[in-house]
Amino acid sequence: MIEEAHALIDAHLFGPISDEPAIQHVEYEAELRRWYVRFGCDGRDAATIYFDLHQRTLRHELYFLPAPEDQERKAELAIWVLQRNHDLYGTRFSMGPEGDIYLTGRLALEHLTVGELDRIIGVLYEVVERWFGAAVKIAYGPRT
């Protein structure tokens, strides 16, 4: 199953996905079984999706925003992004050990299809496009 998943992911990311106008770069790191898909959008110069292939799952991660140093802003941002999880499917906001914000998810290989890969990329693109600017304002914008 893992060999078939690898072939599907590789062919789709280096084929139709790399040809999409928003995609800046696709790369593969064999030692980690990790693909990098870098895209640009109106709200952010670039963001990179990490796809990690494991024995039974395909995991994805996108570094969304560094944590603000101000603890009040960090708490406000954490509440705001976690409330957005209700609107997401198969992906969620999460916080790293230092409070940095990520978008993460995983998919069982038995459910892996080209359509599911497209859905994941589309959801991540939409979240960055839709919510990155607002998150930056909460974390680093002027206080009113």
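## Charges, fold and a strand 1–2–3 meander

The 15 positive and 24 negative charges of the protein chain have mean positions 6 Å apart. Keep in mind that this is a predicted model. Going along the sequence, you'll meet the pattern α-β-β-β-β-α-β-β-α, which comes to three helices and six strands. Much of what follows is about strands 1, 2 and 3.

**Overall size and packing**

- The protein chain has 144 residues and a radius of gyration of 16 Å, which agrees with the value near 15 Å for a compact globule of that length.
- Its C-alpha trace spans about 50 × 30 × 30 Å along the principal axes.
- As for burial, 47% of the 144 residues count as buried.
- Take the contacts with a separation of 6 or more: 56% of them are between residues 24 or more positions apart.

**Surface**

- The protein chain shows about 8100 Å² of accessible surface.
- Carbon and sulfur atoms account for 50% of that area.

**Strand 2, with a partner on either hand**

- Strand 2 covers residues 34-41, and six of its eight residues are buried, so the rest of the structure largely encloses this strand.
- Strand 1 (residues 23-29) runs antiparallel to strand 2, and six bridges join the two.
- Strand 3 (residues 44-53) is also paired with strand 2, again antiparallel, this time through seven bridges.
- In a regular strand, side chains alternate between the two faces of the sheet.

**The two turns**

- Strands 1 and 2 make a hairpin with four residues between them.
- R33 sits in that turn and has a positive phi of about 50°.
- Strand 2 then passes into strand 3 through a hairpin of two residues.

**Who faces whom**

- E29 of strand 1 stands opposite R34 in strand 2.
- R34 has a bridge partner in strand 3 as well, namely D52.
- That puts R34 between two acidic bridge partners, E29 and D52.
- Further along the strand 1–strand 2 pairing, E27 stands opposite Y36.

**Worth a look in the viewer**

- Which residue in the turn between strand 1 and strand 2 has a positive phi? It's R33, and R34 follows with its bridge partners E29 and D52.
- How many bridges join strand 2 to strand 3? There are seven, and the two strands run antiparallel.

Key. Residues numbered from 1 in each chain as written. Predicted model: local features only at pLDDT ≥ 70, side-chain atom pairs only at ≥ 80, totals over all residues. Heavy atoms only, no water. Rg over C-alpha atoms; globule rule 2.2 N^0.38 Å. Buried < 20%, exposed > 50% of the residue type's maximum accessible area, 1.4 Å probe, protein only. Contact = heavy atoms within 4.5 Å. Areas by Shrake-Rupley, 256 points an atom, 1.4 Å probe, with all protein chains shown as cover. Lys, Arg positive; Asp, Glu negative; His and termini not counted. Charge placed at Lys NZ, Arg CZ, Asp CG, Glu CD. Pairing = 2+ DSSP bridges.
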